Amino acid sequence: MCGIIGYIGKKQALPILINGLRRLEYRGYDSAGVAVSDGKKFTKIKAVGKIEKLAEKLKPLDLNGSVGIAHTRWATHGGVTEANAHPHSACADDLVIAHNGIIENYRELKEKFLKGHELKSETDTEILAHLIEVFYKGNLTEAVRTALKEVRGTYGLAAMHSDEPDKLVAARFGSPLVIGVGDGEYFLASDTSPMLAHTKEVIFLDDGEIAEISLSGLKISSLDSKNITKYSETIDWDEASAQKQGYEHFMLKEIFDQPAVFKDAIRGRYNLTEGTAHLGGLNMTSEQMHSVSRVILLACGTASYAALVGKYALERLAGIPTEVDVGSEFRYRDPIIDRNTLVFGITQSGETADTLAALREAKRKGAFVRGIVNVIGSTLARETDGGTYMHAGPELAVASTKAYTNMVAVLILYAIQFGRLNRLTQATGERLIAALLEIPTKMKEVLAQSERIKTIAEKYKDSVGMLFLGRGINYPVALEGSHKLKEISYIHSEAYPAGEMKHGANALLGPHFPVVAIMTKNQLYEKMRSSVEEVRARKSPLILIATVGDESARELADDVIYVPPTMELLEPLLNTIPLQLFAYHTAVALGRDVDRPRNLAKSVTVE
Ligand code: F6R
């Protein structure tokens, strides 16, 4: 994600930039930087860590100037270091840029245009800075335009040049940028949250637009130099809601982020025509991959339920026996591991103490140890010999939602990649990839039902307990649905594989005890339906997750939430979303502190 803020006006830029970064911190917070112009030269200061680290570093300095840009980073390209933090310059220090997005053809650009340029960071952004430097002939707007014509990828870009000290240049393609129009001043940011303290008049840049912002006015043009007239609009958000982009809570925003971040998880990692996936970070030769005879997935909480989906996928597609273990158990039970065991640590934060300790144990015993991690440069990412970032962006609500989805996405890609080495046919691989590409649109269809799910949640909010049922690939979905409900609404709930009910849990059923069952159309549909009928017979209120078109579900259930059909192994990517929304709306209806539930922390760094 990352956040950009820029200012040009008559006031001191620095306090506006730093306060703006604080507002944008939710977009990323592993490092930050600022560049301010005093009319002659830039001073550029960067720091690793949260915005407050940068603010502390700036305190003793007397940075004067009324033009500047700043950036808060969430690493996607290159580790979390000061050198990789933005703003970036090129060979000379007269140009600075801050950038969100990904320059996909950065290698080509480097080879074609940057012979003799010395790079100081590992970022794709620095390549863009050098490219603008190559094309600079006294007009920054034109240099940016020429450079961007060579670029493939996404960008929200802010640039300044010390030869044109009263000018900011911005450009957008795929990564949002907003210009705030003040009284004799302009603001530039990734979203409206940092400018609301100053102005509510904004202009949203569209893809392919370049803005030249100076004290004498604002000029917007297209990449091919056509002038564009745009009018400002007035926004009525307050600062707090803008940070959550209008959502009431971070959790809801993150649930709604899922279609977009899912695309980030799979982008560039599949090959549709060959029906395969390629996760380059695995760092294993094909010989080593063929030698894997067992996989162990280590995780805690929600990550362990994503891991269970991974187990089904790896066993079914790749035929590799796969176990899931929670970190706190694995570390103390002297696990049996050999050199043909591949162990993945799966974690959003990359800092969960139990997962880390379990992984270290596996490493000691000689396994291949890899990570599936969200936070770039986190401890687990650093301690493993390879792995994959899930690209869910910063997740701020304690209850994990979008990271879960992206963990599942990455595990399915691994199952396809290992599957294509042995028993998975190209045709099935192709079908799986094609079905994965349809997931974001289908997720949106589920999300569109949020208000109806709210009505259902309000109906059951006073229950003393609930049961979640699933079978096969939907058993982990039931576990995750139950986990979400208990952690944010504090209603006791349990999840069962539906076939196990007769061995004990049936005794709980009755009119006081609602059951949520996932009964989508897959190979276990008939079996699941029999279990649901038993629940009905025992008079428990029944909420069904069913496949669009299954009208018979309405006859069975008190409430039905429909999800679009997909391939069975991909069902968790859709079926979990109504359960996230159900937990969320229940917790809101009960007045819980949804983003910060009692007794829980986002990152559990202690045993
Ligand atoms: C659930 C939740 C926790 C985490 C668990 C692992 O919503 O937030 O159960 O899933 O603490 O955290 P990570 O993924 O950071 O290792």
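## Burial and surface

Of the 607 residues in the chain, 60% are buried (under 20% relative accessible area with a 1.4 Å probe, counting protein chains only). This is a predicted model, in which local features need pLDDT of at least 70 and side-chain atom pairs count only at pLDDT 80 or more, while totals for chains, interfaces and linings use all residues. Residues are numbered from 1 along each chain as its sequence is written, and side-chain values use heavy atoms, without hydrogens and water.

The chain has an accessible surface of about 23,600 Å² (Shrake-Rupley method, 1.4 Å probe). Carbon and sulfur atoms hold 50% of that surface.

## Overall dimensions

The radius of gyration of the chain is 26 Å, which agrees with the value near 25 Å for a compact globule of 607 residues; the radius is taken over C-alpha atoms, and the globule rule is 2.2 Å times the number of residues to the power 0.38. The C-alpha trace spans about 80 × 55 × 45 Å along its principal axes.

## Secondary structure and contacts

There are 19 helices and 26 strands in the chain, assigned as DSSP runs (H or I, at least four residues, for helices; E, at least two, for strands). Among contacts with a separation of 6 or more, 71% join residues 24 or more positions apart; a contact means heavy atoms within 4.5 Å.

## Helix α19

Helix α19 covers residues 571–589, and its end C-alpha atoms are 28 Å apart, in agreement with the 27 Å expected for 19 residues at 1.5 Å a residue (1.5 Å times one less than the number of residues). In α19, 17 of the 19 residues are buried. Gly591, just after α19, has a positive phi of about 75°.

Terms used. Buried < 20%, exposed > 50% of the residue type's maximum accessible area, 1.4 Å probe, protein only.
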